[in-house]
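Student: I would like a close look at one residue and its surroundings. After that, please carry on to the helices and the charged pairs.

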Amino acid sequence: MGNHDWITKFAGLRFFLTGCETYFVAPTAWTYIKFLHQTEIFLALVLSAYNFGAILAGPLSGYLTDRLGNPRFIFICSCITKVLAYVMYSINLSVYFPLFGRLISGLSDVGLTVLLGQIALQPNKESRARYFVRAEGAYCLGATFGPGLGSFITFRANILGWQINEGNSPGIVLTIIWLLFLIFSLLLPNDIWIATGARNMELNSISSEDETDETSQSECNQEQRLIEKKLSIILWDSRVFCLLFLIFCSETLSSTSTFLVPVLASDHFHLQLIHTKLLFLNCTLFTLLVLICIHQALRYIEERKLFVIALLMQIIALSFLTSLAFSWNQVTDVQWYIMLLYICLGMPYFAFPLGNSILSKIIDPRNATFIQGLSFGSLQSAIVISRVVISFVFTKMSLLCYCFGMFILWLAGIIWYGTLYKRMVPNV
């Protein structure tokens with residue numbers, strides 16, 4: 001098995017556990033916070049602490065990984081931090097333990113950035129996009145099984161006065177899961193990891209062996225310095241900012257639909273909880289089906305073209321949401337199906353794996369992990385902002401204003417991407 005096969009399968013496992021983790025904690029978080037005699041505001045703070053930590057962790061860990069050149073060490077440190085985070089989350093002696101536990105858990109997601117950087121470095125350019133899609137599919141599978149598995153991991157106990165209940169028991173289970181994952185990570189071969197720029201160093205060494213003449217060697221070094229200078233400029237290329245902006249917009253709409261649909265289903269359409277669950281189940285199945293189709297289509301179609309399709313899907317979803325806003329005062333059965341189409345087309349994160357693949361091909365490989373960290377940070381910041389925005393979208397006018405604002409952002413993003421479309425190709 002090649003190195004990139006090891007690392008991509010390992011990345012799939014890590015993303016699967018991340019998907020499960022989210023839905024192990026979220027369903028029982030309110031029970032935990034009520035046990036600590038806190039309000040809904042503190043609940044929002046605890047849940048958002050993870051995202052704040054991840055926003056900081058993404059770019060910082062990417063920069064350190066690229067500079068230190070030791071992804072395995074940073075990844076192992078992230079696993080250790082993850083274990084400590086959920087030990088802290090499980091301690092219910094103070095409200096600050098779950099708060100800082102979630103914050104540290106977000107910071108420990110430097111491991112995701114490291115793995116995204118490895119996917120950007122190891123597979124060849126032709127198959128790289130499929131590995132990004134597989135990682136996203138693994139996360140979706142974890143998010144699918146997470147709620148079901150989470151219902152079996154709550155329990156009550158009393159260990160030397162330490163009260164364990166439905167609120168903090170998922171933290172203990174996650175501590176055990178991440179501890180086992182840490183042990184598994186330590187047992188993996190060291191050579192499955194590749195330091196940033198290793199390929200360039202290999203090419204340089206080959207060139208050095210072929211050049212025996214001192215003058216020719218000097219010319220080769222001068223040419224190499226020019227290439228390095230050119231590649232360093234790519235870090236600030238407008239293509240990078242365009243893709244990060246579109247990933248941000250995509251995730252903003254996706255996260256908004258995740259939080260908005262339950263509110264609309266319950267308070268506006270007066271649907272029962274089982275109907276809301278069925279909406280999300282259908283969306284999850286649709287997402288997995290589309291990811292499989294994208295994975296196969298990438299064998300024949302460039303990811304920059306599929307990226308356009310992913311953007312168009314969300315624009316269509318935004319159109320459905322706008323129609324719901326205009327017909328706010330007329331609740332009919334047709335609107336239920338419109339809401340189903342909205343969540344199916346609007347919630348999936350198709351733009352994230354495709355955007356990451358394009359980013360990996362247009363930037364300097366020496367900055368691969370840092371750019372993936374920026375993308376991950378952009379994703380997490382969009383989640384935080386969407387949670388704030390959605391708290392104000394409960395009326396017809398506020399929903400129309402939200403849709404108008406999103407249309408302006410998408411229009412700017414589409415025009416920007418259109419002007420750069422021909423340049424969204426690997427650098428030569």
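Tutor: Take glycine 137, which sits in helix H6, residues 128-150. Keep in mind that this is a predicted model. Glycine 137 has a relative accessible area of 14%, so the residue counts as buried. What does glycine 137 touch, once neighbours within four places in sequence are left aside? The contacts are Leu288 and Leu291. Leucine 289 belongs in the picture too. Along the chain, 152 residues separate leucine 289 from glycine 137. In space, their C-alpha atoms are 9.6 Å apart.

Now set that against the whole protein. There are 428 residues, and 52% of them count as buried. The secondary structure comes to 16 helices and 2 strands. Take the contacts between residues at least 6 apart in sequence: 84% of them join residues at least 24 apart.

Next, the charged pairs. Side chains of opposite charge can pair when their charged atoms come close. Searching the whole structure gives 7 salt bridges. One of them joins lysine 82 to glutamate 21, at 3.2 Å from N to O. Lysine 82 belongs to helix H3 (residues 71-90) and glutamate 21 to helix H1 (residues 3-35), so this pair ties together parts 61 residues apart in sequence. Lysine 82 and glutamate 21 are both buried.

Glutamate 21 has another partner. Its side chain also meets that of arginine 102 in a salt bridge, with N to O at 4.0 Å. Here glutamate 21 of H1 pairs with a residue of helix H4 (residues 96-107), so parts 81 residues apart in sequence are tied together. Arginine 102 is buried, as is glutamate 21. Which residues make up the network of salt bridges around them? The linked residues are Arg14, Glu21, Lys82, Arg102 and Asp109.

A further pair is glutamate 302 with arginine 304. Their closest N and O atoms are 2.7 Å apart, in a salt bridge. Are the two partners buried or exposed? Glutamate 302 has 36% relative accessibility, so it counts as partly exposed. Arginine 304 has 14%, so arginine 304 counts as buried.

Arginine 304 leads on to a helix pair. Arg304 is one of the residues through which H12 contacts H16. The axes of H12 (residues 303-326) and H16 (residues 396-420) come within 10 Å and cross at roughly 160°. An angle over 145 degrees counts as roughly antiparallel, so H12 is roughly antiparallel to H16. The crossing of H12 past H16 is left-handed. On the H12 side, the contact residues include Phe307, Leu311, Ile315, Leu318 and Phe326. On the H16 side, they include Leu399, Tyr402, Met406, Phe407 and Trp410. Polar residues take part as well, among them Gln314 and Thr322 of H12.

Finally, a check on helix geometry. Helix H7 covers residues 169-187. What span should its 19 residues have at 1.5 Å a residue? The expected value is 27 Å, and the end C-alpha atoms are 28 Å apart, so the two agree. Part of H7 is buried. Its buried residues include a run at the start: Ser169, Pro170, Gly171, Ile172, Val173, Leu174 and Thr175. Further along, Trp178, Phe181, Leu182 and Ser185 are buried too.

How values were computed: Residues are numbered from 1 along each chain as its sequence is written. This is a predicted model: local features need pLDDT of at least 70, side-chain atom pairs count only at pLDDT 80 or more; totals for chains, interfaces and linings use all residues. Side-chain values use heavy atoms; hydrogens and water are left out. Helices (H or I, at least four residues) and strands (E, at least two) are DSSP runs, numbered from the N terminus. Buried means under 20% relative accessible area, exposed over 50%, partly exposed in between (1.4 Å probe, protein chains only). The expected span of a helix is 1.5 Å times one less than its number of residues. Axes are lines fitted to C-alpha atoms, for helices over the stretch in contact, and angles run from 0 to 180 degrees between N-to-C directions. Angles under 35 degrees count as roughly parallel, over 145 as roughly antiparallel, 65 to 115 as roughly perpendicular and the rest as oblique. A crossing is left-handed if the near helix is turned anticlockwise from the far one by less than a right angle, and right-handed if clockwise. Contact means heavy atoms within 4.5 Å.
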